[in-house]
Amino acid sequence: MWMIVLGFIITGCLSGFILFRKNTVPILPNSESVAHTGLSPRKVSVIIPARNEEQNLPVLLESLQAQSAPPYEIIVVDDFSEDQTRAIAQQYGVRVIVNSALPEGWTGKSWAVWNGYLHAAGDVLVFLDADIRLQPHALASLLHVRERFKGVISVVPYHHAERMYEKLALILNMLGIFAFTSMFERHNPRKGLYGSCIIALREDYERINGHASVKSEVLDDLLIGSKFMAASIPVTNFIGHGLVSFRMYPSGIRSEIEGFSKGAVLSTATLRPWTTILIAIWVIGLLASNVGILVTHTSWAVPMLIGYGLYMAQLFYFMRYVGRFGIAIPVLHVISTLFFIAVMLYSLYQVVVVGHVRWKGRLVRVGGRGE
């Protein structure tokens with residue numbers, strides 16, 4: 001019996017390698033100028049929706065000011081912040097838009113992003129979350145790769161997890177990477193974008209009516225990707241290793257749980273069957289490998305600990321491209337697995353029982369308006 005279980009654990013590991021694609025953004029060499037990329041004729045507007053982002057905003061704005069290809073304009077949309085977000089943005093000399101009251105049928109972030117677009121003058125729209133951190137050649141590289149692949153692109157940032165509670169997100173981050181890099185999603189008509197970093201031409205964004213087309217959706221980034229696909233505008237997703245990073249939830253574990261749980265269950269409905277099946281196999285193999293801790297005094301101990309070690313080694317390999325989570329969490333990946341289970345159960349409770357999710361002090365109905 002233990003051979004069957006070990007075989008399933010090995011199969012789970014293999015499914016992870018099938019799902020994962022090291023699809024990083026090519027970094028422009030230091031010597032390559034903006035003029036050589038074909039970018040100079042285009043005006044670039046960076047739009048940043050910000051709600052209570054006083055900790056994150058300075059890092060992003062400083063990284064934008066240090067870009068080798070600086071944008072034409074930077075617009076920060078203050079989404080009813082209760083901290084110093086607006087004042088900090090003004091200190092950096094960027095354009096600050098004070099968000100107007102949330103209309104019927106809109107969620108908060110979509111309304112903030114839409115208002116930023118209405119004030120933007122650029123030919124290229126770059127939508128960034130406030131927790132993003134950019135390397136000096138990031139913007140030039142992103143614009144260059146958009147020109148190369150056409151359509152709209154998004155980036156799953158490299159996750160800098162600093163405190164222990166932040167590092168618990170290792171398994172959740174891995175599952176997100178699988179969903180966005182799986183080869184089975186390449187031609188998915190419901191292919192999503194990663195909302196933290198999206199680059200699109202103004203003409204393409206206006207062709208689908210932008211965020212107004214997903215104004216009531218919790219998963220605005222995933223669903224706006226399907227709008228681009230339906231309009232025959234290519235959608236390409238990358239991972240941000242070496243170029244685009246973020247620190248997701250520095251303000252506490254509550255925000256981390258709310259952030260992951262708001263889309264954990266709903267997002268699975270957008271995936272292709274083979275992606276879902278392989279993710280399920282990987283998760284079941286992961287859960288089986290964790291059983292090894294419970295059978296250390298039985299005849300199953302050695303093979304099950306081998307299975308546990310296989311997943312540990314795989315996580316260390318993936319972490320090189322996914323995020324900085326330290327040594328303890330991949331070694332004790334059972335802890336991150338339990339956190340993943342707790343988030344999924346909480347997400348299921350919010351979606352099925354309560355009918356809304358909570359994010360940044362707002363209740364957002366599933367498929368409805370923000371409250």
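Select strands β6 and β8 to begin: two bridges join them, and the two strands run antiparallel. Strands here are DSSP runs of E with at least two residues, helices are runs of H or I with at least four residues, and both are numbered from the N terminus; two strands count as paired if DSSP finds at least two bridges between them. This is a predicted model, in which local features need pLDDT of at least 70 and side-chain atom pairs count only at pLDDT 80 or more, while totals for chains, interfaces and linings use all residues. Residues are numbered from 1 along each chain as its sequence is written, and side-chain values use heavy atoms, with hydrogens and water left out.

**Strand β6 and its sheet**

Stay on β6, residues 152–156, and colour S154, whose bridge partner in β8 is I198 and whose bridge partner in β9 is N237. With β9, strand β6 pairs in the parallel sense over five bridges. Strands of a sheet pair through backbone hydrogen bonds, either parallel or antiparallel.

Now show the side chains of β6: V152, S154 and V156 point one way, whereas I153 and V155 point the other way. In a regular strand the side chains alternate between the two faces of the sheet. Because five of the five residues of β6 are buried, the strand is largely enclosed by the rest of the structure. Buried means under 20% relative accessible area, exposed means over 50%, and partly exposed lies in between, with a 1.4 Å probe and protein chains only.

Widen the selection to the seven strands of this open sheet, which follow the order β3-β2-β1-β4-β8-β6-β9 with mixed pairing. At its edges are β3 (95–98) and β9 (235–239), each of which pairs on one side only. The twist averages 20° from one strand to the next, where axes are lines fitted to C-alpha atoms (for helices over the stretch in contact) and angles run from 0 to 180 degrees between N-to-C directions. Inside the sheet, select β4 (residues 124–128) and β8 (residues 197–201), which run antiparallel and are joined by five bridges; V126 stands opposite I199 in β8. Select C197 too, which is buried, with a relative accessible area of 0%.

**The four-stranded sheet**

Which order do the strands of the four-stranded open sheet follow? Reading across, the order is β5-β10-β7-β11, and the pairing is mixed. The edge strands, β5 (132–134) and β11 (323–324), each pair on one side only. Select β7 (residues 158–160) together with β10 (residues 244–246) to see a parallel pair held over two bridges, in which H159 has F246 of β10 as its bridge partner.

**Helix α4 and the salt bridges**

Move to helix α4 (residues 108–118), which is mostly covered, since nine of its 11 residues are buried; among them are W111, W114 and Y117.

A search of the whole structure finds nine salt bridges, each being a side-chain nitrogen of Lys or Arg within 4 Å of a carboxyl oxygen of Asp or Glu. Select D129 and K109, whose side chains meet in a salt bridge at 2.9 Å, N to O. The pair links distant parts of the chain, with D129 in the loop between β4 and β5 and K109 in helix α4, 20 residues apart. D129 is buried at 17% relative accessible area, whereas K109 is partly exposed at 29%.

Next, select R133 and E162, which meet in a salt bridge of 3.9 Å, N to O. R133 lies in strand β5 and E162 in the loop between β7 and α6 (164–167), so this pair ties together parts that are 29 residues apart in sequence. Add E166 and R247 to the selection, and you have the network that is joined by salt bridges sharing partners.

Finally among the charged pairs, select D78 and R86, whose closest N and O atoms are 3.0 Å apart. D78 is buried at 2% relative accessibility, while R86 is partly exposed at 36%.

**A loop residue and a surface patch**

Select L271, in the loop between α10 (253–264) and α11 (273–290), and then A179, which is 92 residues away in sequence and 7.2 Å away in space, C-alpha to C-alpha. At 19% relative accessibility, L271 counts as buried.
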